[in-house]
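Please open the model in a viewer and follow the selections below in order. Each stop names what to select and what is to be found there.

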Amino acid sequence: MSDTPDRVDPSAAAMQGVNGYWRALDADDIRRGEHRTMIGAMWDDIGTLQFEFLRRQGLQPFHRLLDVGCGSLRGGVHFVRYLDKGRYCGIDANASLVDAGHHELALAGLDQRGARLVADANFDVGRFGETFDYAIAVSVITHLFTDHIQACLKRVRHVLEQNGTFYVTFFEAPETAHLDPITHAPGEITTSYTQDPFHQSFEELQTLAARVGMRARLIGDFGHPRGQRMAAFSPL
Ligand SMILES: C[S@@+](CC[C@H](N)C(=O)[O-])C[C@H]1O[C@@H](n2cnc3c(N)ncnc32)[C@H](O)[C@@H]1O
């Protein structure tokens with residue numbers, strides 16, 4: 001279990017002041033379940049939502065799934081339970097949330113299912129040495145500056161199968177460079193173009209995708225309780 005700030009991936013230091021996910025939880029925090037609040041709460045609702053969403057997109061037990069910004073496995077617990085052994089990989093910038101993910105797997109009796117979790121703030125998903133049929137990032141780019149989103153897409157592109165898809169939630173803006181704050185419904189979260197939590201237009205995501213050889217498709221409302229939309233990225 002992590003108990004000191006140096007358990008946060010050193011590159012995650014860059015996240016200090018950028019978003020709230022650099023703080024290291026200690027073993028007591030994790031035992032108390034503080035990680036469930038830290039990653040945004042709604043543990044059961046948003047965990048089930050992302051699992052059922054990917055099932056509707058065709059996820060089968062034999063598929064390989066990459067969970068980007070997996071946090072403490074709010075969705076991951078459902079995916080690990082469903083997928084064949086060793087088919088789930090998760091990456092997160094915060095090592096203590098990865099520890100909390102292992103704790104959640106143990107609580108659910110899923111610690112022998114071969115889930116692979118790494119702490120890394122640079123989206124170095126190549127370190128798994130795998131390719132993936134599906135990838136997902138729920139409530140992750142909502143906390144990232146555009147250059148980090150670009151890096152994330154580029155790295156994930158390299159490990160996606162040619163017919164694979166990366167599903168990404170975002171707060172949608174009505175136009176490119178929408179500089180006014182937006183309050184989203186449901187949930188009443190207010191987003192910004194320049195500060196966490198961020199919003200973008202779908203066209204901005206399309207531009208980022210095209211730069212790294214991907215196409216973006218807007219799925220839109222998928223039942224997120226805080227008004228996030230879904231976009232799907234696939235290799236060109
Ligand atoms: C709102 S939480 C969502 C976690 C998870 N996807 C879920 O649905 O519970 C956002 C997560 O993104 C992670 N994150 C933020 N910046 C990151 C980065 N550069 N690389 C990887 N993970 C990052 C945070 O550490 C945090 O766990």
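Select strand 8 and strand 9 (residues 229–235): the two pair in the antiparallel sense over seven bridges. Within this pairing, Arg217 stands opposite Ala232 of strand 9. Now add helix 7 (residues 202–211), which packs on the sheet and touches strand 5 (160–170), strand 8 and strand 9. The direction of helix 7 makes about 155 degrees with that of strand 8. Bear in mind throughout that this is a predicted model.

Next, display the whole sheet. It is open and consists of seven strands in the order 3-2-1-4-5-9-8, with mixed pairing. Strand 3 and strand 8 (214–221) are the edge strands, each pairing on one side only. From one strand to the next, the twist averages 15 degrees.

Move to strand 2 (residues 88–92) and strand 3, whose pairing is parallel and runs over four bridges. Here Asp92 has Ala119, in strand 3, as its bridge partner. To follow the connection, select helix 5 (residues 95–107): the chain passes through this helix on its way from strand 2 to strand 3, in a right-handed β-α-β crossover.

Show the side chains of strand 3 (residues 116–119). Which of them are buried? Leu117 and Ala119 point to one face and are buried, whereas Arg116 and Val118 point to the other and are not. Side chains in a regular strand alternate between the two faces of the sheet.

Finally, select the ligand and the 23 residues around it, of which Tyr21, Gly69, Gly71, Arg74 and Ser139 come nearest. By class, this shell contains 12 nonpolar, nine polar and two charged residues.

Methods: Residues numbered from 1 in each chain as written. Predicted model: local features only at pLDDT ≥ 70, side-chain atom pairs only at ≥ 80, totals over all residues. Near = placed C-beta within 6 Å. Nonpolar A, V, L, I, M, F, W, Y, C, P; charged D, E, K, R; others polar. Buried ≥ 20, exposed ≤ 12 C-beta atoms within 10 Å, placed from the backbone. Pairing = 2+ DSSP bridges. Right-handed = clockwise from strand over helix to strand, strands pointing away. Axes fitted to C-alpha atoms, helices over the stretch in contact; angles between N-to-C directions. Contact = placed C-beta atoms within 7 Å.
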